[in-house]
Amino acid sequence: MSLIDAGYNPEPAPSAPLDNNGFWPQVEPDDFRKAERLIDTVPNERIEYALRVAMADINRQLRTWQAEQQGQGAATINDVTPPNWQSPGIYPLLYRRAVYATAHASLLERYREISATREGDERGEAKDLAADDYRRDARWAVAEIQDRNHTVVELI
């Protein structure tokens, strides 16, 4: 008797980088998969779709900040000088965090357990809570890029 590879959980084929708007960096689906430790059962097409939607969302949130930087002569994010208390390369790092967290939250919401059992419901609720945490991480990364506090409180 011999063991034959039945093709379960094959390594996904490498994905090409996703082009961005020229100011923000390309997004690497393979890096996203590794950084977020996503299982191989999530197809590359879903990963790429989630990343493209996340890029559109984060780019929209940062459009004013991007315009300000371009107005000061920055052609790309790498031309923006971070404050002296911040490490070099912080803006691309925070941008990637915002995009990755937004995409990961979207994937978690769509991969909820399909089960009528109580255990399936509990796993689905846990994924919803994790998705909320990822969305918070994305908001915080955007706030840090814009040099805003994480929390805004108003008295009514």
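## Two crossing helices and their surroundings

Helix α2, which spans residues 44–61, packs against α4 with the two axes 8 Å apart and at an angle of about 125 degrees. That angle makes α2 oblique to α4, since an angle that lies outside the ranges for roughly parallel, roughly perpendicular and roughly antiparallel counts as oblique. The crossing in which α2 passes α4 is right-handed. On the α2 side, the residues that meet α4 are Arg46, Ile47, Ala50, Leu51, Ala54, Met55, Asp57, Ile58 and Asn59, and their counterparts in α4 are Tyr95, Ala98, Val99, Tyr100, Thr102, Ala103, Leu107 and Arg110. These values, like those that follow, come from a predicted model.

The wider setting of this helix pair is a protein with five helices and zero strands, so that, read from the N terminus on, the elements run α-α-α-α-α. Of the 156 residues in the protein, 33% are buried. Among the contacts with a separation of 6 or more, 65% are made by residues that are 24 or more positions apart.

Helix α4 covers residues 90–110, and Ala101 is one of its members. Ala101 has a relative accessible area of 3% and is therefore buried, because the term applies to residues under 20%. When its neighbours within four places in sequence are left aside, Ala101 is in contact with Tyr134, Asp137 and Ala138. For Asp137, which stands 36 residues away from Ala101 along the chain, the separation between the C-alpha atoms is 6.4 Å. Helix α5 covers residues 118–145. A charged side chain and a ring come together at Arg136 and Trp140, where the charged end of Arg136 sits over the ring of Trp140 at 4.9 Å from its centre.

The aromatic side chains offer another way through the fold, and a search of the whole structure finds six aromatic pairs. In one of them, the rings of Trp24 and Trp65 have centres 5.9 Å apart and planes at 25 degrees, so this pair is stacked. Trp24 belongs to the segment before α1 (29–35), whereas Trp65 belongs to helix α3 (residues 63–71), and the pair thus links distant parts of the chain, with the two positions 41 residues apart in sequence. Both tryptophans are shielded: Trp24 counts as buried at 3% relative accessibility, and Trp65 is buried with a relative accessible area of 8%.

Trp65 also forms an aromatic pair with Tyr91, and here the geometry is tilted, with 5.2 Å centre to centre and 55 degrees between the planes. This pair likewise links distant parts of the chain, joining Trp65 in helix α3 to Tyr91 in helix α4 over 26 residues. Tyr91 is buried, as is Trp65. Taken together, ring pairs link Phe23, Trp24, Trp65, Tyr91 and Tyr95 into a cluster. Tyr95, a member of this cluster, is also among the α4 residues that meet α2.

From here the path turns to helix α1, in which Pro29 has its place. Pro29 counts as buried because its relative accessibility is 1%. Apart from its neighbours within four places in sequence, Pro29 is in contact with Ser15, Ala16, Pro17 and Leu18, and also with Ile47, Glu48 and Leu51. Two of these contacts, Ile47 and Leu51, recur among the α2 residues that meet α4. Glu48 is 19 residues from Pro29 in sequence, and the two are 6.4 Å apart in space, C-alpha to C-alpha.

Two residues remain to be pointed out for their backbone angles. Arg37, found in the loop between α1 and α2, has a phi near 50 degrees, which is a positive value in a residue other than glycine. With a relative accessible area of 74%, Arg37 is exposed, a term that applies over 50%. Asp147 lies in the segment after α5 and, although it is not a glycine, has a positive phi of about 60 degrees. The relative accessible area of Asp147 is 61%, so this residue too is exposed.

Note on methods: Residues numbered from 1 in each chain as written. Predicted model: local features only at pLDDT ≥ 70, side-chain atom pairs only at ≥ 80, totals over all residues. Heavy atoms only, no water. Helix = DSSP H or I, 4+ residues; strand = E, 2+ residues; numbered from the N terminus. Buried < 20%, exposed > 50% of the residue type's maximum accessible area, 1.4 Å probe, protein only. Contact = heavy atoms within 4.5 Å. Phe/Tyr/Trp six-rings, centres within 6.5 Å; stacked < 30°, edge-to-face > 60°. Lys NZ or Arg CZ within 6 Å of the ring centre and 35° of its normal. Axes fitted to C-alpha atoms, helices over the stretch in contact; angles between N-to-C directions. Parallel < 35°, antiparallel > 145°, perpendicular 65-115°, else oblique. Left-handed = near helix turned anticlockwise from the far one by under 90°.
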